[in-house]
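Biologist: Thanks for sitting down with me. Could you walk me through some of the terms used for this model?

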Protein chains: 2
Amino acid sequence: MGLKKSWVESANSAESQFPLNNLPYGVYLDEDGVGSPCVAIGDMIVDLGVLEGEGVINAGDEDPVFDVPFLNEFMDLGTDAWKTVRARLMDLLAEGGDDALSGNEDLRNAAMIAQSDVDMGMPFVVGEYTDFYAGRNHAQNVGEMFRGKENALPPNWLHIPIGYNGRASTVVVSGTDFHRPNGQLKGPNDTVPSFGPCKRLDIELEMGAVVGSGNKMGQPVSVAEADEMIFGYVLLNDWSARDIQAWEYQPLGPFQAKVFATTISPWVVTKEALEPFRCNTPEREFELLPYLQEPGPMLYNIDLEVALAPEAKDETIISRTNYNEMYYSSAQQLAHHASSGCEMGAGDLLGSGTISGVEKHQRGALLEITWAGANPITLDGGETRTFLEDGDTVTLRGAAKGDGFTIGFGECAGKILPAVKFP
Amino acid sequence: MGLKKSWVESANSAESQFPLNNLPYGVYLDEDGVGSPCVAIGDMIVDLGVLEGEGVINAGDEDPVFDVPFLNEFMDLGTDAWKTVRARLMDLLAEGGDDALSGNEDLRNAAMIAQSDVDMGMPFVVGEYTDFYAGRNHAQNVGEMFRGKENALPPNWLHIPIGYNGRASTVVVSGTDFHRPNGQLKGPNDTVPSFGPCKRLDIELEMGAVVGSGNKMGQPVSVAEADEMIFGYVLLNDWSARDIQAWEYQPLGPFQAKVFATTISPWVVTKEALEPFRCNTPEREFELLPYLQEPGPMLYNIDLEVALAPEAKDETIISRTNYNEMYYSSAQQLAHHASSGCEMGAGDLLGSGTISGVEKHQRGALLEITWAGANPITLDGGETRTFLEDGDTVTLRGAAKGDGFTIGFGECAGKILPAVKFP
C-alpha cells in the first residue's frame, strides 16, 4: 500500500509525518489555552468539534463527543465509531473525495489551522498509567548491571509481562518542561541517606498504548479483545531518577523515582494507521500460557530515535532502535493487566517498557548507553554525558515507513529545569 | 471533651458510631442508584444537596458542590470550606442549635433519611490510589517469613515510608462482592508457572487517608502542609493474592496481586472529628530526614478489628489492633509522595500499609496470623482457615473512643465470589 493522496498538498510529501494514511488524533490549544480535538493532515490540523458541530462528521453517539478538550469520550465509543470517523475523515481529506470540506471555503477557514500556529495539549485525560518492562535487551542489560550476567533476567520475565502501576497525574504532553526531582539518595559508601536533587536523571524510550474501550471489573479479556480495546499509540518518555530508584525500590518497586514526570507525544496514532506495519513478537524460549498467546502479529515496525540537546545547543542522536524489539506486545500486556479482574477504561495508558536493540547505539536509556555512568557519551558539540544535566532537552521521534509515505507521531520532548529548593 | 448532644436522639447513645462529634461524609444511593452527598448523624443521614439547594448550608464556592454524586468538588475547596460546613452542620444538628433544619418539618422530611433505608455508594471518585508499607510489625513479620529474622526490615525501611502506586479503578465501597482473582502461580517445586484461581487470598487491614486539596506538579509540600491537605480517613482492606504476588513481584513490586479489589468504608471521617485522638508516631531508631519530620502528633488512636464470616455463618473476630501502631503517619507519607514533585489532588487515596500489633491476635493479615499458612486459625463455628475461602465475608471496623462517645466509620466489608472461569 502506497501513499494515499490528499488535496492538502503538504500531506503528499514523502517527508511529511502526517499523510492521509496517518490521521492521528490530538488536542490543540487556542489562544486562551482551551483545547479542542483535532486530526493532523500535512502541516495543518482539522478541528473535529467544528466538523461535528456542522454535521459533517458523526461518531455515531447521540451526544457530541468532540465538544470537550480531550479524546476520551470518542475513545470510549469503541472500535466501530473509530472506524466510522476515520473512514469519513479519509473521504473528506482525500484527493477526489467528498467535497463537504474541500469545497466549502467557510468551513475550511473555520476548521483548518496551520500546525505552526498552535500549541498542542494533552490529547486525552490519563485514567491510570501502567508501565511495563517488556524489552528483553533492556531487562538483560539492567539485570546484568545489578545482578550479574548469570542472573540478569528475573525467573518470571519470560513468562509474565512484568509491569507496575505508575502515576497518571504527572503524565504531560511534549514540550512541558519539568524540574529535576528531589529524593532520598544513598551511595554505596554512605551510612545513612541524604535528601537532595537526583544526580542520575535518565530517560526511558517507550511506546505508550492508549486504551479506548474498557472491560468491567472482574471480567478478563483475551489478547484479541485487548488488541481491539487499544485506540492507538503514542511515543512515551518514562523519565527515571536512577539514584532515587536504587535506594527505594526494594521490596515494592519504583515509586518516587518515576512519579515526577512522564512525557507523551501530542499525537495518538491509531491502530488502523499502523495496521500495515504489524509484525510478530519474537520466538519464545518458553511457550506462553494460553491467556497470553497472540492470534496474530501484535507488534509494529516503528523506527525510533532519541535526541539530546544541551541548553541552547544542537541536538545529537544518541539512540536509534525499533518498537519491534519488544518481547511482549501491548495487547498481551493489556490482557495480562485485566487477567486478575482489573478494570481498564478509556484513557488508561500502558508504557511498553524501555525499548533497546542489541547494539550500544540502539539502547533506550542512558543507564544502558553509559553502562550506569561508567562510559560517558560524547555529544556532537564535544560535551559529554553520563546522565542528564539541567537545561538538557530530550526528544523522541518515531516513524513507521511505508512505500512513499511515513507515519509519524510528532515529537516527544521535555527539558530539565533545575531542582526545586526545599526550605 | 465529651459527647456533643444532638436533637437527633439516636446520635446521643454511647454506642452510636455517628454522634454529633463525628459527622462523617458519604454518598447514599436513591432507588435508581443515583448518589447524593450526605452526613451521618445517629441512625439517620442528612442529604447535603437538599440543604445546599435550600440555602441552609453553603461551602463558600459560587457554584454548588453537593449537587454531584461524589464529594470531590467539596474536598477540592480546601480546609476553610471544610471547617465552615462542619461548623454549620454542628449548629444545625446540635441540641439547642440553629433551628433551620430541626424546626422545619418539610425540610427534615426532604433531607433526612433512615440509614437502614438506603445503600451507600463510593463517597468520592478515587483519583489515584497509593499503598504504603508503614506498619513496623507487619514489615517485620513479612520480612522474617521471606528473608529471615536478621534481614527482615529492608535497609531503607526506617528512613523512607515505602510505598507503591496502586490501582484506583477497582477501589470499591463496602458491600461490593468480587471474584477471587486468577493469575500466574508457581510453587517452589514447579518448573513452570500455571494460570488459575489464587489459592492464598488475603486481607490487609489498613486506614486510608483521603486527599482533599492538592499541590501542583513540581511543588513539594511539608509534613504540616500535607496534614492540612488530608480531608479525612476511611477504613481500607487491601485484598491481596499472596501466591500471585510471590511469583510476580520481583523486581518491580506487586501488580496483579493487588489490582483486583480494594474495599473502603462508606464514611469518610474528617480530620476535625479525629482531632481529639491525635497521637505521636513512635520513637525513631534513626532520625528522619528534615522533610519527613512531624511538627506535632499526626497519628490517631483508633481501635480496629477484623471479622471473618464463612458463607451463611456467624463471624469471628480474628484480629484487634490500633492505628497508632504505624511507624509513619499519612501526613508523612503524603509529604514523601510529593517530595519528587508528584502532583496530588482531590480524591487521591493513600493506604497506610497493613496495621499489625505485636501479638498474634493483633495482626492485620492472614499471612501473618497463620504465618504463611503454617498455623491455621479456628473460627468460632469450628471451621479453620489459612487463607480466604469462596463465600467468606471479611468486615473491618474502627472506633475512636472518647469520653462517652465513639467515632465510627461504618463497616468495611466484602465477600469473595468464586473465580471467573477462563474460556
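Biologist: What makes the side chains of B:Glu411 and B:Arg397 a salt bridge?

Modeller: A salt bridge is a side-chain nitrogen of Lys or Arg within 4 Å of a carboxyl oxygen of Asp or Glu. The side chains of B:Glu411 and B:Arg397 meet at 3.1 Å, N to O, so the pair earns the name. Before we go on: this is a predicted model, where local features need pLDDT of at least 70, side-chain atom pairs count only at pLDDT 80 or more, and totals for chains, interfaces and linings use all residues. Side-chain values use heavy atoms, with hydrogens and water left out, residues are numbered from 1 along each chain as its sequence is written, and chains are lettered from A and ligands numbered from 1 in the order in which they are written.

Biologist: Why is B:Glu411 called partly exposed?

Modeller: Buried means under 20% relative accessible area, exposed means over 50%, and partly exposed is in between (1.4 Å probe, protein chains only). B:Glu411 has 37%, so it is partly exposed. B:Arg397, at 21%, is partly exposed as well.

Biologist: Which parts of the chain do B:Lys258 and B:Glu204 tie together?

Modeller: Their side chains meet in a salt bridge, 2.9 Å from N to O. B:Lys258 lies in the loop between α7 (242–248) and β16 (262–264) of chain B, and B:Glu204 in the loop between β12 (201–202) and β13 (205–211) of chain B, so the pair joins parts that are 54 residues apart in sequence. Helices (H or I, at least four residues) and strands (E, at least two) are DSSP runs, numbered from the N terminus. Both B:Lys258 and B:Glu204 are buried.

Biologist: How far apart are the closest N and O atoms of A:Asp202 and A:Arg242?

Modeller: They are 2.8 Å apart, in a salt bridge. The pair links distant parts of the chain, 40 residues apart: A:Asp202 is in strand β12 (residues 201–202) of chain A and A:Arg242 in helix α7 (residues 242–248) of chain A. Both residues are buried.

Biologist: How many salt bridges does a search of the whole structure find?

Modeller: The search gives 44 over all chains.

Biologist: And A:Glu73, is it buried or partly exposed?

Modeller: A:Glu73 has a relative accessible area of 33%, so it is partly exposed. This residue is found in helix α2 (residues 72–75) of chain A.
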